[in-house]
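Hi,

Here is the structure I promised to pass on. Have a look at it first, and my notes come right after.

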Amino acid sequence: MSVPVDLGPHAGFIVAAYAIALAVVAGLVAWIVLDHRAQLRILADLERAGVTRRSAAREEV
Amino acid sequence: MRLSELANPSRFNALAERLLPWLVVATVLAFALGLYQALFVAPDDYQQGATVKIMFIHVPSAWLGMLGWALMAVAALGTLVWRHPLADVAMKTAAPIGAAFTLICLVTGSLWGRPTWGTYWVWDARLTSVLILFLMYLGVIALWRTVEDPSRAARAAAILTLVGAVNLPIIKFSVDWWNTLHQPASVLRLGGSTIYPTILTPLLITAIAFTLLFVTLHLMAMRNEILRRRVRTLRLMRAAAANP
């Protein structure tokens, strides 16, 4: 695969920098999204089991 | 909506739900524009050549790494002084995000240093103080995980955060106070930027994109933490009901 811009003799350093930054950000996003799903699932399980907050009823009004 | 009204976690989550789609779109658009400008429009530097393109991710991530700790310091005051219910949530959730940006800063700086300085790393004041910032982030994250009770963990983390904030001016002025391989301040300095507009403009756009990404991820992480505390409360209620 060819690189669309000429990155010169140090292309490897530039590509590595962008790739690592992308990997770190992607990992962070994935962690936060998966954590959100996990917390929602646990909450749903607890509420199905009949455990609810006293304030939940007020919030739904 | 007043700030005090956001003290209600449910109200905060509702606001976050409304804001997040807009923030995600703004972040994606800012990155698309910024990266296009950085990779296809900005010229090579007359000395560094194309390696200057690393600057467009290195500098914003450095700013965000420091901004993350500054945000944590303000939230620490909110926890200790004003006892705002969401202050410790903001403080806790900013730590991993700030750590990630600081890690990007360190790694991209190292990859930029090898072709520019001839070395990946030197133990000079700027690089070492940023490494200390990263280690302090890890320390705060470890502290949050060590103390089970969120309110006790918040007080300890707040004190550590405020002490660690001393490192921020050291990072900023390290290039002026000590001899270093790192270049002096060239964007945020008295007398204006020393960077040519064709390179400065993409840098500012990527900085906006990184800032939007930080805000988006922080809101999402705060929403998660509020849910996690709700789960903890429900589990405690279930345990109390099981053992009256």
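Below is what I found, starting with the interface and then moving on to the salt bridges.

One caveat before anything else: this is a predicted model, so please read every value as computed from predicted coordinates.

**The interface between the chains**

On the chain A side, 30 residues are in contact with chain B, and 36 residues of chain B touch them in return. Together the two chains bury about 3,200 Å², and 80% of that area sits on carbon and sulfur atoms. If you want to know where chain A gives up the most area to chain B, look at A:Phe13, A:Tyr18 and A:Ile32, which together make up 20% of what that side buries.

As for polar links, I get five residue pairs in polar contact between chain A and chain B, counting pairs with both residues at pLDDT 80 or more. Helix α1 of chain A (residues 11-48) supplies the largest share of the chain A side, with 21 residues. Sorted by class, that side has 22 nonpolar residues, four polar ones and four charged ones.

The salt bridge count between chain A and chain B is one. The partners are A:Asp35 and B:Arg228, whose side chains meet at 2.8 Å, N to O.

**The salt bridges**

Over all chains there are eight salt bridges. What does A:Asp35 link up with beyond its partner across the interface? It belongs to a network of salt bridges that also takes in B:Asp88, B:Lys92, B:Glu225, B:Arg228 and B:Arg229.

Working through that network from the chain B end of the interface bridge: B:Arg228 also pairs with B:Glu225, with the closest N and O atoms 3.0 Å apart. Both residues lie in helix α7 of chain B, three residues apart, or about one turn of the helix. B:Arg228 is partly exposed, at a relative accessible area of 29%, whereas B:Glu225 counts as buried at 3%.

B:Glu225 has another partner in B:Arg229, and their side chains meet at 2.9 Å, N to O. These two are four residues apart in helix α7 of chain B, so about one helical turn separates them.

B:Arg229 in turn forms a salt bridge with B:Asp88, the closest N and O atoms being 2.8 Å apart. B:Arg229 is in helix α7 (residues 197-242) of chain B and B:Asp88 is in helix α3 (residues 87-117) of chain B, so this pair ties together parts that are 141 residues apart in sequence. Are the two ends of that bridge buried or exposed? B:Arg229 is buried, with a relative accessible area of 19%; the cut-off for buried is under 20%. B:Asp88 counts as buried too, at 9%.

**One more residue**

Away from the charged residues, I also looked at B:Val74, which is found in helix α2 of chain B (residues 55-82). B:Val74 counts as exposed because its relative accessibility is 55% and the threshold for exposed is over 50%. Its C-alpha atom is separated by 8.4 Å from that of B:Ala87, a residue 13 positions away along the chain.

That's everything from my side; shout if you'd like to go through any of it together.

Cheers

Definitions and conventions. Residues numbered from 1 in each chain as written. Chains lettered and ligands numbered in written order. Predicted model: local features only at pLDDT ≥ 70, side-chain atom pairs only at ≥ 80, totals over all residues. Heavy atoms only, no water. Contact = heavy atoms within 4.5 Å. Buried area = accessible area lost by both parts, 1.4 Å probe. Salt bridge = Lys/Arg side-chain N within 4 Å of Asp/Glu carboxyl O. Polar contact = N/O pair within 3.5 Å; in protein donor to acceptor, adjacent residues only side chain to side chain. Nonpolar A, V, L, I, M, F, W, Y, C, P; charged D, E, K, R; others polar. Buried < 20%, exposed > 50% of the residue type's maximum accessible area, 1.4 Å probe, protein only.
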